[in-house]
Every structure is written in structure tokens, then in C-alpha cells.
Amino acid sequence: MSLKKTAAKFPRPIKDFVKRKLNQHGYYDIRDGNGLNEHGFYDIRGVGEITTIDEFKERAFAISKRSRLQTQEEVIALKKKYEQPILGEIAVERLLELQAQIIDPTNVLMFTGSQLTHTLQVLESMEKAGITDREFLATTLIHDLGKLASLKGEKWENLEGGGKIPLGENLPGSGFENCSFNWDHADVVHARFHPYVSKDMAWVLKWHSIQTECEPLMDARDRALFEKYYKPFVRHDRTFIFHHLPKKRLSDYLPLVKEFFPEKMLF
Ligand SMILES: [Fe+2]
Ligand SMILES: [Fe+2]
């Protein structure tokens with residue numbers, strides 16, 4: 001049935017109301033007497049804001065800029081904040097599903113792709129490269145769950161601002177744990193997940209977003225984990241796979257989730 005015929009089935013008062021509302025907002029253009037265009041569709045002229053690529057990039061840049069203004073006091077306050085659960089007791093499987101609701105406004109390579117899509121892209125890319133370490137793959141599944149804090153109103157500049165960089169005075173070679181950095185989603189996922197993962201995987205979660213400026217601060221342990229996990233991970237996590245259409249679904253990874261996170265957790 002054509003849209004025109006479907007529309008004709010609505011009672012007059014509803015039709016009038018919709019027509020009046022659409023007209024009020026300048027949303028449609030009357031081409032025939034019934035408000036339908038030549039294809040039989042209501043002609044919607046912009047549903048509120050339509051963002052151009054340049055506007056998307058401008059917003060992303062503004063968030064990154066704000067994130068670089070983070071102070072040590074703010075980092076301390078955020079650390080304290082995320083010692084408390086964000087959502088409460090929950091299955092990891094559900095947290096992974098919730099990623100479908102997260103669009104990272106700072107990602108100018110994925111644009112409006114969801115974080116679930118991103119996670120599936122990274123996982124597939126790592127598997128394709130021959131990475132079979134199941135613990136490492138399970139950690140990759142959860143690596144960006146810190147961004148879920150945006151569902152509870154966390155500002156994006158506290159979650160993603162172009163990666164982790166040193167903040168204040170730091171001693172080269174003293175080890176990441178003894179240095180200060182800006183706070184981001186990596187700290188959030190680490191704060192909530194460290195009781196549930198091994199020490200090495202906790203390191204991967206916490207430092208997965210470091211930028212090159214952080215590297216001189218590494219100690220021997222950091223350097224070993226950097227070589228073993230950060231390097232192989234980061235080449236799949238960053239940039240060049242964002243156009244890849246995932247072939248697997250989240251459900252394909254459920255055995256992996258159940259293997260490493262069999263119980264509910266306090267997220
Ligand atoms: Fe991340
Ligand atoms: Fe990521």
C-alpha cells in the first residue's frame with residue numbers, strides 16, 4: 001500500500017495535527033493538495049540539526065581541546081568518583097550490548113559508528129592477524145567499556161580527548177604507576193574491572209590509550225607489557241579498520257565472555 005493510501009486511513013483530526021506540526025517547523029513542502037510530494041512521501045526538510053562532516057570534526061576538536069585543560073585536581077576527583085559503581089551489579093554481556101548505545105563524538109574516522117561496531121572491528125582484526133591469546137581477546141572485548149560512563153552523564157572530555165598524555169611533573173623511567181596523566185575512559189574501565197582481571201590485563205585496560213609522549217615514563221615492566229600487548233593491540237584499535245563491516249556478532253563472542261566473566265560484576 002502506498003504511503004498516500006496509508007495516510008488516508010488516519011482519522012482527520014490526527015492528520016490535521018501532524019500536518020499542522022510539520023508546517024509549524026517548516027518540515028514539509030506541499031507539492032500536491034495533500035502535503036505529499038511527487039513520490040507520495042511527506043517531504044521532510046531537516047529533522048532538527050543535521051551535522052556536516054566539518055561540524056562533526058569541529059565538535060570533536062572542541063572536546064579534545066577541553067580534555068587537554070583537565071587539571072590534577074580534576075583527575076583526583078574523577079579517580080574518587082569511579083571507585084564507586086556506575087551502573088551496579090550487571091553481566092559483562094549486557095555491558096557489551098550497551099556499547100551499541102555509545103557513539104563517540106570525538107572519533108572523526110568512525111563518525112557515528114557505535115562502540116559495539118568498533119569493538120567487533122578490533123576483535124576481528126586481531127583474530128585475522130593470528131592473535132589467539134583468549135585472555136587478551138577477552139580484554140579487547142571490554143577495553144572501551146569506560147565510555148559507558150557517558151550514559152550516566154559523564155562529559156566526553158573526561159572520557160576521550162585524543163588519548164592519554166602526561167600531566168604535570170614526571171620522572172622519565174619511573175613507571176606509569178608513579179606518574180600522572182589526564183583521566184580518560186581507560187581509567188574508568190580499569191577502575192571498575194581491575195578486581196576481575198589479571199594484573200597484566202589490568203595494565204592493558206589502563207594504558208591502552210597512551211600517546212607517544214608517555215613512552216619515556218615507562219619502567220621495565222611497562223616496557224615488557226608495552227611490547228607484548230600494547231603494540232599488537234594498538235595497531236588494530238586505531239584508525240585504519242573503521243570502514244570494516246564486522247562479519248561476526250557479539251553473540252559469537254559469548255563463549256569468550258562466559259569463560260573470563262562467568263559471574264555478574266559491579267560496574
Ligand atoms: Fe579506548
Ligand atoms: Fe578502542
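**Helix packing and local environment in a predicted single-chain model**

L254 is partly exposed, having 13 other C-beta atoms within 10 Å; a residue is classed as buried when 20 or more other C-beta atoms lie within 10 Å of its own, as exposed when there are 12 or fewer, and as partly exposed in between, with C-beta atoms placed from the backbone. The structure is a predicted model, in which local features require pLDDT of at least 70 and side-chain atom pairs count only at pLDDT 80 or more, whereas totals for chains, interfaces and linings use all residues. Residues are numbered from 1 along each chain as its sequence is written, while chains are lettered from A and ligands numbered from 1 in the order in which they are written. L254 belongs to helix α11, which covers residues 254–260. Its C-alpha atom is 9.7 Å from that of V92, although 162 residues separate the two along the chain.

The chain contains 11 helices and 2 strands, taken as DSSP runs (H or I over at least four residues for helices, E over at least two for strands) and numbered from the N terminus. Along the sequence these elements follow the order α-α-α-α-β-α-α-α-α-α-α-α-β. Of the 267 residues of the chain, 29% are buried. Two residues are taken to be in contact if their C-beta atoms, placed from the backbone, lie within 7 Å. Among contacts with a separation of 6 or more, 70% join residues that are 24 or more positions apart.

Confidence was assessed by pLDDT, the predictor's own score for each residue, from 0 to 100. The mean pLDDT of the chain is 89, and a value of 70 or more is reached by 82% of the residues. Residues 25–32 remain under 50, and for this segment the model has 19 contacts beyond four places in sequence. Where pLDDT is low, the predicted coordinates should not be read in detail.

The largest nonpolar core comprises 44 residues, and V189, L205 and W207 have the most contacts inside it. Such a core is a set of buried Ala, Val, Leu, Ile, Met, Phe, Trp, Tyr and Cys residues joined through C-beta atoms within 7 Å. At least two core residues come from each of α3 (53–67), α5 (92–98), α6 (115–128), α7 (134–142), α8 (185–193), α9 (199–207) and α10 (220–237). When neighbours within four places in sequence are set aside, W207 makes contact with F176, A186 and Y230.

Helix α8 is mostly covered, with 9 of its 9 residues buried. These are H185, A186, D187, V188, V189, H190, A191, R192 and F193. The buried residues of α8 pack against α7 and α9. In the pairing with α9, residues A186, D187, V189, H190 and F193 of α8 meet A202, L205, K206 and W207 of α9. The residues of this contact comprise 6 nonpolar, 1 polar and 2 charged, where Ala, Val, Leu, Ile, Met, Phe, Trp, Tyr, Cys and Pro are nonpolar, Asp, Glu, Lys and Arg are charged, and the others, Gly among them, are polar. The axes of α8 and α9 come within 7 Å and cross at roughly 150°; axes are lines fitted to C-alpha atoms, for helices over the stretch in contact, and angles run from 0 to 180 degrees between N-to-C directions. α8 is therefore roughly antiparallel to α9, a term applied to angles over 145 degrees.

In the neighbouring part of the sequence, α7 has buried residues at A138, T139, T140, L141 and I142. The buried residues of α7 pack against α5, α6, α8, α9, α10 and α11.

Several residues outside the buried class are also placed beside sequence-distant partners. D200, in helix α9, is partly exposed with 15 C-beta neighbours inside 10 Å. The C-alpha atoms of D200 and F136 are 9.4 Å apart, with their positions 64 residues apart in sequence. I76 lies in helix α4 (residues 72–81) and is exposed, with 12 C-beta neighbours inside 10 Å. Its C-alpha atom is 8.8 Å from that of W183, and the two are 107 residues apart in sequence.

Two loop residues complete the description. A129, in the loop between α6 and α7, is exposed with 10 C-beta neighbours inside 10 Å. The C-alpha atoms of A129 and H236 are separated by 9.1 Å, although these residues are 107 apart along the chain. F111 occupies the loop between α5 and α6 and adopts a positive phi of about 50° although it is not a glycine. With 15 C-beta neighbours inside 10 Å, F111 is partly exposed.

Key:
Parallel < 35°, antiparallel > 145°, perpendicular 65-115°, else oblique.
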